[in-house]
Amino acid sequence: MVRTPAASVLRVLVALVGAAVVCFSGAAEARVLLTLDDFGAVGDGIANDTQAFVDAWTAACGSEEQAVLAVPVAKAYRIWPVQLAGPCKKKLKLLIAGTIVAPASPDEWAGRDPMKWLYIYGVDGLSVSGGGTIDGVGQEWWARSCKRKKTQPCNTRPPPRALHFEECRGVSVQGVTLQNGPQFHLSFTRCVDVKASFLRLVAPAESPNTDGIHLNDSSRVQITDNLISTGDDCVSMVGNCSDVRVRDISCGPGHGISIGSLGKNRTADRVENVRVDICLLTNTTNGVRIKSWQGGMGSARDLRFESIVMKNVSNPIIIDQYYCDQPTPCANQTEAVEVRKVEFVDVRGTSATARAIKIACSDTAPCTELELRNVNLTVVGGGAATASCYRASGKAAGVVAPASCLAKGDP
């Protein structure tokens, strides 16, 4: 039986409903069960339960036996910015059955790192599950952002990431909801062997920089069976990322699924061996995208986008080596991130823009070894879409509509 993106979405919904049951059955195997309430947490959504959370984490992380740290169901725990650090003595399960809520006002971050809320560092073998919710209460952050607020004063600094892992290995996050993040909802920096599955990540379409899942310098990552509806990229990866699988994703609204942006401020980034398949994108401002800044270095290579369905998507297929996300024009520069060995296979659906394929590559580092195979994109409401390519070469196979614009051989 052929699997479709729509069928995959149903699998996600079923998994979300059953996640708490699965996680609790796993918890029964552990020898130590701790709850935030054991350490004095109130759980009324108003009281500051941060110290109770820290104390509970310290006890669970330092346990000589495998521990489960539970956030009880039907209660809300307001947590101020916190760092939860490892290494832990045993593998740890964080069972979020209730709700973790951020402070509503950005002023609560005064004197703290403004980019961190739930920050987990140096932990191996942590699993997060439970069917509960992490609410970043990002509304006031968005209102103060210069991307939303066009008059001064406005906030130019990035807001905090909701749940951020750094220097972690063997991390699994599954079966929870992350919503209304001030910035990225779930992010991993310098992590290895990561699984993020059966998640619901949601924020309003107009919320700035609220990526669903963001990777930076991470490898051996599996992102599967997720519902993502935010104001920015559903999935994004930057820095040096490799061996990434993105599968069974419902994305939209948002900015699509992105490699990059890469090469900002002349950095050397390398993203390779990424496969994105069986995804449904709906009402997004981009589809599957590779974006890099002029002047960058490194490469994006060995990338495959397959079995992608687009519904009313602007720019369904886009490679942009001239990306510029700043208020002033970007200067022309000769160096560029190399883009090569990229495949778009079995991509179909409707485009909200007349141009469904846009590939704009560098004069000094053209895109090479690109492939369009069995691509069928039409304009919403009927009619033929168009494609444009600049300094891009590769091949087309099967039926490709709009007709391939790739040059054969050297561009």
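Modeller: Helices, of at least four residues, and strands, of at least two, are DSSP runs numbered from the N terminus. One more thing before we look around: this is a predicted model.

Biologist: Thanks! Let me try that on one residue. Where is the place of T156?

Modeller: T156 sits in the loop between helix 3 and strand 11, the latter spanning residues 161-166.

Biologist: And is T156 buried or exposed?

Modeller: The cut-off helps here: exposed means over 50% relative accessible area, and buried means under 20%. T156 counts as exposed because its relative accessibility is 68%.

Biologist: How many residues apart in sequence are T156 and V399, and how far apart in space?

Modeller: They are 243 residues apart in sequence, and their C-alpha atoms are 46 Å apart in space.

Biologist: Let's take a residue in a strand. Which strand does S172 lie in, and why does S172 count as buried?

Modeller: S172 belongs to strand 12, residues 169-174. With a relative accessibility of 18%, S172 counts as buried, because the cut-off for buried is under 20%. Leaving aside residues up to four places away in sequence, S172 touches L126, S127, V128 and K195.

Biologist: Now the strands together. How should I read a sheet?

Modeller: Strands of a sheet pair through backbone hydrogen bonds, and the pairing is either parallel or antiparallel. In this model, one open sheet has 11 strands in the order 5-8-11-14-17-19-21-23-25-27-29, with parallel pairing. Its edge strands are strand 5 (82-85) and strand 29 (386-390), each pairing on one side only. On average, neighbouring strands of this sheet are turned by 15° against each other, direction ignored.

Biologist: Could we start from the strand 5 edge? How many bridges join strand 5 to strand 8?

Modeller: Four bridges join them, and the two strands run parallel; strand 8 covers residues 116-121. To find the register in the structure, look for A85, which stands opposite Y121 in strand 8. Then look for helix 2, residues 50-61: this helix lies across strand 5 and strand 8, running at about 5° to strand 5.

Biologist: What about strand 3: which way do its residues point?

Modeller: A67, L69 and V71 point one way from strand 3, while V68 and A70 point the other way, and all are buried. Strand 3 (residues 67-71) is thus mostly covered, with five of its five residues buried. It has parallel partners, too. Strand 1 (residues 32-35) is joined to strand 3 by four bridges, and L34 stands opposite L69 there. Five bridges join strand 3 to strand 6, where V71 has I96 as its bridge partner.

Biologist: Is there a longer example of that kind of covering? Why is strand 20 largely enclosed?

Modeller: Strand 20, residues 240-251, is largely enclosed by the rest of the structure because nine of its 12 residues are buried. Strand 18 (residues 219-229) pairs with strand 20 in the parallel sense over eight bridges, with I223 facing its bridge partner V246. Strand 22 (residues 268-282) is joined to strand 20 by 10 bridges, again parallel. In that pair, R247 stands opposite D277.

Biologist: Now for the empty spaces. How do I read a cavity, and how many of 30 Å³ or more are found?

Modeller: A cavity is space where a 1.4 Å probe fits but cannot get out. A search of the whole structure finds one of 30 Å³ or more. The largest cavity holds about 40 Å³ of space. Its lining is F53, L84, L94, I96, I100, L118, I120, I134 and L163. By class, that makes nine nonpolar, no polar and no charged residues. Strand 6 (92-96) and strand 8 each supply at least two of them. You have already met I96, as the bridge partner of V71.

Biologist: And how much space lies in the largest pocket?

Modeller: A pocket is an open set of points, rather than a closed one. The largest pocket holds about 1200 Å³. It is lined by 43 residues, with K147, N209, S261, K264 and D325 nearest its centre. Elements giving two or more residues to this lining include helix 3 (139-144), strand 17 (213-216) and strand 21 (257-262).

Biologist: What classes make up the lining of the largest pocket?

Modeller: There are 14 nonpolar, 16 polar and 13 charged residues.

Conventions:
Residues are numbered from 1 along each chain as its sequence is written. This is a predicted model: local features need pLDDT of at least 70, side-chain atom pairs count only at pLDDT 80 or more; totals for chains, interfaces and linings use all residues. Side-chain values use heavy atoms; hydrogens and water are left out. Two strands pair if DSSP finds at least two bridges between them. Axes are lines fitted to C-alpha atoms, for helices over the stretch in contact, and angles run from 0 to 180 degrees between N-to-C directions. Contact means heavy atoms within 4.5 Å. On a 1 Å grid over the protein atoms alone, a cavity is a set of points where a 1.4 Å probe fits but cannot get out, and a pocket is an open set with protein on both sides within 12 Å along at least five of seven lines; lining residues have an atom within 4 Å of a point. Grid points are joined across faces, edges and corners, and a volume is the space filled by probe spheres set on the points. Ala, Val, Leu, Ile, Met, Phe, Trp, Tyr, Cys and Pro count as nonpolar, Asp, Glu, Lys and Arg as charged, and the others, Gly among them, as polar. Buried means under 20% relative accessible area, exposed over 50%, partly exposed in between (1.4 Å probe, protein chains only).
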